[in-house]
Amino acid sequence: MAELVYPPVLRTALTAFKLLDLRFRMEGTERIPRSGGAVLVSNHVSYLDFVFAGFAARPAGRLVRFMAKKEVFDHPVSGPLMRGMHHIPVDRSAGAGAYDAAVRALKDGEIIGNFAEATISRSFTVKEIKSGPVRMAADAGVPVIPVALWGGQRLWTKGRPRKLLQRHVPITILVGEPMLAGPGDDIATLTGDLRRRMTDLLDEAQRTYPDQRRGVWWQPAHLGGTAPTPEEADALDAASRPRRE
């Protein structure tokens, strides 16, 4: 595929983050394969997670094709960019087409990015995850690679004002050990294992984060922050669901 859009978008993002002096810590990026397909599964705390999860593959010289809701592709600004970067639109009322497109791309050697929680976690913990990433990996015969992102919520997240010009924010990106999913493996068991790995990675990212202030909104409740608990976050999501529909 011709890459006329993705590289300049990445360069623009890198320039902006350099000007803002964002403090990146990236570990485990050597686990991203330099060739062949893989499913990159990340937690979701920020509207910028597409960019940060994609950065995990830069040391391997790879571009990540993300699965994103169809509405993003319908937007007059983000739509052309998403299509130009060959991301995959997901119609939540008819997801089979997106699933098949992702499996084809994996078999063609692409890295597919997926946020298995399906929405931003207001509690900044890992919500229950969908089985799709594991099923895709099993169907395509490629590994699943868990990723933890932390810090981006301070710039732009659900229910908080955007602070995209905030400077010196630490951003942590941790890449975990790949998982293999075979055709005969139990998908539910593997999905549970993937969620545990994502949770462990996120816990490491949070506990080793350079800024350990307590009583701040962007810190999870179990670490002394004022973010909603998982139960409170579920209630907030349930309350907002009818409005979205």
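This report covers the overall build of the protein, then two of its helices and one loop residue.

The structure is a predicted model: local features need pLDDT of at least 70, side-chain atom pairs count only at pLDDT 80 or more, and totals for chains, interfaces and linings use all residues. Residues are numbered from 1 along each chain as its sequence is written, and side-chain values use heavy atoms, with hydrogens and water left out.

**Overall build**

The protein has eight helices and eight strands. These are DSSP runs numbered from the N terminus: helices are H or I with at least four residues, strands E with at least two. The C-alpha trace spans about 45 × 40 × 40 Å along its principal axes. Buried residues (under 20% relative accessible area, 1.4 Å probe, protein chains only) make up 49% of the 245 residues. Contact means heavy atoms within 4.5 Å. Of the contacts with a separation of 6 or more, 72% join residues 24 or more positions apart.

**Helices α5 and α6**

Two helices, each followed by a glycine with positive phi, are set out here.

| Helix | Buried residues | Glycine after the helix |
|---|---|---|
| α5 (96-107) | Ala 98, Tyr 99, Ala 102, Val 103, Ala 105, Leu 106 | Gly 109, phi near 95 degrees |
| α6 (132-140) | Gly 132, Pro 133, Val 134, Met 136, Ala 137, Ala 138, Ala 140 | Gly 141, phi about 70 degrees |

The buried residues of α5 fall within an arc of 160 degrees seen down its axis, so they line one face of the helix. The arc is that of the directions from the helix axis to the C-beta atoms. The face turned away from this buried side carries the exposed residues Ala 96, Arg 104 and Lys 107; exposed means over 50%. Cover for the buried side of α5 includes β2, β3, β4 (88-90), β5 and α6.

Helix α6 is mostly covered, with seven of its nine residues buried. Its buried residues pack against β2 (38-42), β3 (64-69), α5, β5 (111-114), β6 (143-150) and α7.

**Asp 185**

Asp 185 is found in the loop between β8 (179-180) and α7 (187-207). Its relative accessibility is 36%, so Asp 185 counts as partly exposed, the class between buried and exposed. The side chain of Asp 185 reaches the backbone nitrogen of Gly 182 at 2.6 Å. Leaving aside neighbours within four places in sequence, Asp 185 is in contact with Leu 180 and Leu 190. Arg 135 is 50 residues from Asp 185 in sequence, and the two are 9.7 Å apart in space, C-alpha to C-alpha.

How values were computed:
Polar contact = N/O pair within 3.5 Å; in protein donor to acceptor, adjacent residues only side chain to side chain.
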